[in-house]
Amino acid sequence: PMPFLDLTREVGYDGERGLLGLAFHPGYAHNGWFFVNYTDKNGDTRVERYRVSADPDRADPASRRLVLHVRQPFANHNGGCLRFGPDGMLYVGMGDGGSGGDPQGNGQNRGTLLGKLLRLDVDRGYPYAVPADSPFAGRAGMRGEIWAWGLRNPWRFCFDPPGNLLYIADVGQNKWEEVDVVDARRGGLNFGWNRMEAAHCFGDRACD
């Protein structure tokens, strides 16, 4: 009857918005950290860190720390999945910002976090550090948090550690849904959106 954590006052929920992701730190038994991904009352994405209280069945609301805030231009395509990878990094799925057809071109723009799979080191730096081996770390005009790009709405993804695989479920536009299976150790992959929808050219664009 008493929730572990109540975010009712913080979360904006309708359509594709709401509390979208939750991940416990691999060292939760020692540090008590867990992370949530939700859309706030303005519709923007917030990734926050909390800590469990002295009562193991209750989180400490006062322990909230903002890890990431991303402005959302439209109400849909918020992604929202959180997972810790086999490398101990926190991965965050971000949609392209919404509407239809990616009107702002976020999927192919490595200067924005929208339309990407992000990789954050939450054990170093505050609120996080960009891992030194990230594919775009230190490159001018590109966000170092980006692990993969060209995604429309990666609403769920998961890791298969024995196979070193990463599975990404990416929602398609009108004709094609997409499930990508790639080497989890290989960063910098471009999944094509909005030049491509799955394995097909999108709209009247030419693509290779």
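Guide: A disulfide is a pair of cysteine sulfur atoms within 2.5 Å. The model discussed here is predicted.

Visitor: Why is C158 not called part of a disulfide with C81?

Guide: The closest cysteine sulfur to that of C158 is in C81, at 8.2 Å. The cut-off is 2.5 Å, so the two sulfur atoms are too far apart for a bond. Seen from C81, the closest cysteine sulfur is that of C158, again at 8.2 Å and too far for a bond.

Visitor: What makes C201 and C207 a disulfide?

Guide: Their sulfur atoms lie 2.1 Å apart. A pair within 2.5 Å counts as a disulfide, therefore this one does. A search of the whole structure finds 1 disulfide.

Visitor: Which hand does the link of C201 and C207 have?

Guide: The link is left-handed, with -100 degrees about the S-S bond.

Visitor: Why is C81 called buried or exposed?

Guide: C81 has a relative accessible area of 1%. Buried means under 20%, so C81 is buried.

Visitor: How do you know which class C158 belongs to?

Guide: The relative accessibility of C158 is 36%. Buried is under 20% and exposed is over 50%, with partly exposed in between, so C158 counts as partly exposed.

Visitor: What class do the cysteines of the disulfide, C201 and C207, fall into?

Guide: C201 has a relative accessible area of 41%, so it is partly exposed. C207, at 26% relative accessibility, also counts as partly exposed.

Visitor: How many cavities of 30 Å³ or more does the structure hold?

Guide: The structure holds 2 of them. The largest has a volume of about 60 Å³, and the second largest contains about 40 Å³ of space.

Visitor: What makes an empty space a cavity?

Guide: A 1.4 Å probe fits there but cannot get out.

Visitor: Which residues line the largest cavity?

Guide: The lining has 13 residues, and D170, E178, W193, E197 and A198 lie nearest the centre of the cavity. By type, the lining divides into 6 nonpolar, 3 polar and 4 charged residues.

Visitor: Which residues line the second largest cavity, and what are their types?

Guide: The lining consists of W147, A148, L166, I168, V182, D183, R186, L189 and F191. Of these residues, 7 are nonpolar, none is polar and 2 are charged. Asp and Arg count as charged, so D183 and R186 are the charged residues of this lining.

Visitor: Which strands each supply at least two residues of that lining?

Guide: They are β8 (146–149), β10 (165–170) and β11 (178–183).

Key
Residues are numbered from 1 along each chain as its sequence is written. This is a predicted model: local features need pLDDT of at least 70, side-chain atom pairs count only at pLDDT 80 or more; totals for chains, interfaces and linings use all residues. Side-chain values use heavy atoms; hydrogens and water are left out. Buried means under 20% relative accessible area, exposed over 50%, partly exposed in between (1.4 Å probe, protein chains only). On a 1 Å grid over the protein atoms alone, a cavity is a set of points where a 1.4 Å probe fits but cannot get out, and a pocket is an open set with protein on both sides within 12 Å along at least five of seven lines; lining residues have an atom within 4 Å of a point. Grid points are joined across faces, edges and corners, and a volume is the space filled by probe spheres set on the points. Helices (H or I, at least four residues) and strands (E, at least two) are DSSP runs, numbered from the N terminus.
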